[in-house]
Amino acid sequence: MIRILYIEDEKEIGQWVSKDLTERGYEVTWLESGDGLEQHLSSKDIAILDVMLPGLDGFSIGKRIKRANKELPILMLSARTAVEDKIEGLNFADDYLTKPFHPDELVARLEVLLRRYQKSDDVLELQHLKMYTKDMRIINTLTEEEILLTGKQFYLLQYFIRHLNQILTKEQLYEGVWGESYIEGDKTLMVHIRYLREKIEINPAKPMIIETIRGIGYRVKL
Amino acid sequence: MKFFQSLLAKYMLIILLALSIVQISYMGTAMFVLGITKTGVGEFSSEVLLESEIEEQWHAQSKNLPNVSNDAITQLFQRWQEQLPTASMFWVSEDGTLLTTVNVQEDLPAKWTPAFTTKFIKQRYGGDPFTVIAFLGDDVSNGFIVLEVPRNVFNPPLINIYENYGNFLFLGVIAIILFFIVVSLLFFKGIRKRLLHLQDAMEIRDVDGLPIEINVKKKDEIGQLEHSFNRMVCELRESKQRQQKEEQLRRELIANLSHDLRTPLTKVRAQSYSISKEALSEEGKQALRAMETSIVNIDALIENLMSYTLLMASKYKFEPKDINVIRFVREHLTTWYPVFEREGFTIDIELQAFEHHEWCVDPIWLGRILDNVFQNVLRHANSGKYIGVKTESTASYTAFIIEDHGNGMKNESNAKGAGIGLSIVDVMVKGMHLEWDICSDPSGTKIIIKHVNQSAMLGQ
């Protein structure tokens with residue numbers, strides 16, 4: 001079960017979010033301020049922080065958390081929407097969601113962060129594929145055989161899985177996987193995506209897993 | 001500042017030094033001459049020889065010679081030579097025979113004829129060397145003795161010094177003049193160097209864009225100027241800090257206001273969400289949906305209102321830089337695509353590379369412009385279910401075209417609040433020196449955001 005540390009001073013909002021997240025199957029520890037934070041840090045998978053808090057503000061708490069535990073993803077949840085605030089927050093936090101928010105969006109963002117930090121040992125089921133996200137094993141459920149990928153194909157798919165449901169441009173994919181800046185007209189990425197599709201799609205001519213978003217890029221949607 | 005620390009005082013000192021140097025050099029020369037004459041260095045003597053005295057003595061001594069003999073004359077000549085080393089002497093006998101000679105350089109005949117004697121006397125009269133002819137003893141029968149002394153022996157000592165040491169004195173004067181020139185040059189060079197340093201220091205900018213303070217080393221006029229400059233920098237910095245503080249306060253106020261408005265809005269959403277979990281009638285569900293839409297709209301309105309207030313007060317952060325605009329728009333579309341997809345829009349994206357894809361814009365501003373335009377499409381042109389984002393490239397401009405198939409701007413949809421969103425677009429577009437056009441008719445709206453090609457403009 002995913003354990004969430006949630007700091008929010010507004011009682012109504014705190015109750016609502018804790019209740020909703022608990023109903024969705026998360027274990028939520030809700031604090032009204034940063035007091036007594038330290039004892040929870042080692043036992044949590046993710047932190048949700050408000051910014052305007054009595055005593056230490058959310059930014060300071062976030063920085064402390066990151067200093068104590070770099071591997072704990074932080075999502076800022078604030079009614080402060082100014083660009084400056086977002087920039088300050090994103091200096092250390094992994095995501096910044098503004099109020100009023102929809103709980104579905106909050107959960108979606110939490111899931112992205114958990115996957116990025118490989119906290120969830122989810123078994124993803126994508127069409128006919130079953131993926132073990134921690135060790136990135138891929139099983140074709142039609143044949144019950146494991147699909148073996150080459151290095152770049154593996155990293156490419158891993159990059160898609162970490163950014164599940166997000167549309168990724170060619171530039172983002174190339175730079176994320178190859179670690180070099182993308183040169184307009186370079187076909188390397190397309191070639192690798194074609195090979196990857198040949199391995200994982202039932203019909204590579206009509207891809208169902210790696211979707212082409214015309215004019216923008218690609219997406220792997222859950 | 002004390003007078004003696006000033007540049008003026010230094011300059012006066014140099015002038016005084018220059019003036020006194022002339023005097024000192026005269027004094028120096030005098031002492032030099034005096035020193036030479038006193039010590040009797042070389043052939044100089046403090047005594048001033050007079051032609052008349054020499055002539056008198058020569059006559060007297062020749063007349064008083066007790067016995068005229070070769071030895072006596074040789075002795076006489078030797079005595080005179082001791083006194084006048086440069087003098088030459090000779091004895092010519094009565095019959096014109098050249099007898100004893102001392103130090104004679106010229107060619108003299110061994111036999112003197114009356115004609116030669118006359119010629120000699122005529123030649124030497126008033127000439128150089130100074131020549132004295134005297135008969136020996138009282139009797140002319142002993143012949144005559146001649147004393148030749150170079151004229152310069154009679155020169156005053158100073159003239160001799162000038163003749164011998166003239167070059168040194170001339171060089172000395174040149175050296176003194178050069179010394180003065182060098183001192184003046186160094187003085188002005190020093191001033192110039194400090195002024196240039198000051199100028200350079202004034203042009204250096206700190207990270208905050210203000211000049212940095214100068215290290216004041218001297219207390220003269222330039223030092224005072226540097227002090228004034230430092231004071232000015234200090235005042236500028238204070239004023240800038242005050243301004244930043246004010247800006248900060250204003251931003252803070254708006255951010256707090258926005259926060260205070262959004263918090264209750266979040267609570268409203270919390271309640272509506274809780275209600276939505278209950279079993280509701282169709283009417284109840286309808287009301288909840290309306291409430292949900294209102295929450296979204298109020299949220300957007302608050303955001304726009306805050307941005308607009310900051311923009312109007314020129315307090316909205318603006319940091320333009322060259323960005324690859326095609327890439328930026330494409331990445332920005334990745335967040336909007338799912339929204340339009342969810343609403344069932346037909347999405348038509350065609351972004352062709354521009355020849356010059358770099359626009360100098362603030363990415364946050366450009367993002368905001370796109371957000372507001374897309375938001376408008378979503379709210380006001382939802383009926384068309386179409387969004388197109390395309391590029392257009394001509395010789396004079398490059399542009400993005402955002403197109404919808406809504407009812408057009410005149411037939412405003414029920415959702416209000418488009419005004420402020422587009423006002424923000426207008427301010428931001430103009431703030432980044434871009435242009436924009438809206439073409440709207442009942443079949444749809446087309447918004448064109450143009451970047452005018454500067455070189456094409458100049459060409460026209």
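**Entry 1: the sheet of chain B**

I looked first at an open sheet in chain B, where 4 strands run in the order β2-β1-β4-β3 with antiparallel pairing. I noted β2 (98-102) and β3 (130-135) of chain B as the edge strands, each of which pairs on one side only. From one strand to the next, I find that the twist averages 15°. I record here that the model is a predicted one.

I then followed one strand pair. β3(B) and strand β4 (residues 144-149) of chain B are joined in the antiparallel sense over 6 bridges. For orientation along β4(B), I noted that B:I145 has B:A134 opposite.

Which helix packs on the sheet? I found helix α3 (residues 70-83) of chain B there, touching β1 (88-92), β2 and β4 of chain B. The direction of α3 makes about 30° with that of β2(B).

**Entry 2: chain B as a whole**

I counted 11 helices and 11 strands in chain B. Chain B has 460 residues, of which 18% count as buried. I also looked up the contacts in chain B with a separation of 6 or more: 65% of them are accounted for by residues 24 or more positions apart.

**Entry 3: where the chains meet**

I turned next to the interface. How many residues of chain A are in contact with chain B? I find 26 residues of chain A in contact with 28 residues of chain B. On the side of chain A that touches chain B, at least two residues each come from α1, α4 (83-90), β10 (167-169) and α7 (170-178) of chain A. I sorted the residues of that side of chain A into 11 nonpolar, 6 polar and 9 charged.

**Entry 4: one helix pair across the interface**

I examined helix α1 (residues 11-23) of chain A against helix α6 (residues 221-277) of chain B; their axes come within 9 Å and cross at roughly 40°. I therefore enter α1(A) as oblique to α6(B), since angles under 35 degrees would count as roughly parallel. The crossing of the two helices, α1(A) and α6(B), is left-handed.

Which residues make the contact? From α1(A) I listed A:E12, A:I13 and A:W16. From α6(B) I listed B:T266, B:K267, B:A270, B:Y273 and B:S274. Taken together, the residues of this contact of α1(A) with α6(B) divide into 4 nonpolar, 2 polar and 2 charged.

Terms used:
Residues are numbered from 1 along each chain as its sequence is written. Chains are lettered from A and ligands numbered from 1 in the order in which they are written. This is a predicted model: local features need pLDDT of at least 70, side-chain atom pairs count only at pLDDT 80 or more; totals for chains, interfaces and linings use all residues. Axes are lines fitted to C-alpha atoms, for helices over the stretch in contact, and angles run from 0 to 180 degrees between N-to-C directions. Angles under 35 degrees count as roughly parallel, over 145 as roughly antiparallel, 65 to 115 as roughly perpendicular and the rest as oblique. A crossing is left-handed if the near helix is turned anticlockwise from the far one by less than a right angle, and right-handed if clockwise. Two residues are in contact if their C-beta atoms, placed from the backbone, lie within 7 Å. Ala, Val, Leu, Ile, Met, Phe, Trp, Tyr, Cys and Pro count as nonpolar, Asp, Glu, Lys and Arg as charged, and the others, Gly among them, as polar. Two strands pair if DSSP finds at least two bridges between them. A residue is buried if 20 or more other C-beta atoms lie within 10 Å of its own, exposed if 12 or fewer, and partly exposed in between; C-beta atoms are placed from the backbone.
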